[in-house]
Amino acid sequence: MNEVSMLVKVFRYSVSKCRAWLWCGIIILSCGQSWAAVYPLPANGDNVVGYIRQVSTAYEDTFMEIARREGLGFLTVRAANPDIDPWLPGEGVLVTLPTQMVLPPGKREGIIINLAELRLYYYPPNEDVVVVFPVGIGRRGWQTPEGKTNIMQKIENPSWTPPASIRREHAEKGDILPAVVPAGPDNPLGLFALRLGNGGSYLIHGTNRKYGVGMRVSHGCIRLFPDHIEQLFAQVSRGTPVRIIHESYKIGRLNGEIYVEAHEPLSERADTVRKPARYVLSNLLDKMPEASTAINRSVALDVIQQETGLPQRVSISSVYVKDLF
């Protein structure tokens, strides 16, 4: 699917579903909010969605501002632009946006959170689309747990009862937390929360600190931008399956082309996940054996080593996406 036809398809879908979904797909500028990215699912078993975009910076821009404006995560924007200063990119600099992705492996159902890429994928039932959100996750020492669970409870205007361990941590820094933080604009959970069934201790929730989305800042919960959690909250139901995974390296196919996508592993997983590139490539080809004779192995190995998070075409006749700009 080329860029124009994809835009038309997303536009038609977004207009037809705007009232029910509360988001407007590509009609982002007119809505005044950071709307979730809605991608049509590709046909014929393909598993690459979206397309790479670029924006030109204004003088006062930082990657943090660009990420928030575009509904992306800071770390994913930084990884996609390793040669640009994320805090002082300068005026008129082209910044690549990570708006194309290989879908996570496994069944396309419910919510899938890939910790390695700091993204949440939502597959609405009976719809041929996937909705993608950037997320903030647990920092080292407070890792977000992997595994299968579900949405156990939907909470609007949640209060927050910080555990004793978090209260001690804050107290050591001179920040005395109350036993209960009431609902409202100062609540770290934001206005909407989805409680997960893995013990009930973890939430997918909003935040009153928007710039933590797309980073490792939480005590294990999954944070979304306030407008994103509102959109997701309106659509999911209790019992929606949730799968939390860590997939740093993915292989995909779109219109006969093979793609490889590589993300930096979480620091506590690096020793076990970041293997030599040839080993990683071999594992990827085990998942897609038909690609073994169709790829440029040198290009694929380079993509794996760079870990930009951008899907790169690695077919024998392909060039890097970044080389096309």
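Let me begin with the sheet, an open one of nine strands whose order is β1-β8-β7-β6-β15-β10-β11-β12-β14, with mixed pairing. At its edges are β1, residues 37–40, and β14, residues 222–223, and each of these pairs on one side only. Please keep in mind throughout that this is a predicted model.

If we stay at the β14 edge for a moment, we find that β14 runs parallel to β12, residues 203–205, and that two bridges join these strands. One residue to look for here is His 205, whose bridge partner in β14 is Arg 223.

Packed on the sheet is helix α5, residues 226–235, which touches β6, β7, β8, β10, β11 and β12. The direction of α5 makes about 55° with that of β11.

Now I would like to turn to a single residue, Glu 117, which you will find in the loop between β6, residues 110–114, and β7, residues 119–123. Is Glu 117 buried or exposed? Because its relative accessible area is 0%, and buried means under 20%, Glu 117 counts as buried.

Which side chains, then, make a polar contact with the side chain of Glu 117? One is the side chain of Arg 119, at 2.6 Å, and another is the side chain of Lys 250, at 2.7 Å. Lys 250 also appears when we leave aside the neighbours of Glu 117 within four places in sequence, for Glu 117 is then in contact with Thr 76, Lys 250, Glu 261 and His 263.

Methods
Residues are numbered from 1 along each chain as its sequence is written. This is a predicted model: local features need pLDDT of at least 70, side-chain atom pairs count only at pLDDT 80 or more; totals for chains, interfaces and linings use all residues. Side-chain values use heavy atoms; hydrogens and water are left out. Helices (H or I, at least four residues) and strands (E, at least two) are DSSP runs, numbered from the N terminus. Buried means under 20% relative accessible area, exposed over 50%, partly exposed in between (1.4 Å probe, protein chains only). A polar contact is a pair of N or O atoms within 3.5 Å; within protein, one must be able to donate a hydrogen and the other to accept it, and residues adjacent in sequence count only if both atoms are side-chain atoms. Contact means heavy atoms within 4.5 Å. Two strands pair if DSSP finds at least two bridges between them. Axes are lines fitted to C-alpha atoms, for helices over the stretch in contact, and angles run from 0 to 180 degrees between N-to-C directions.
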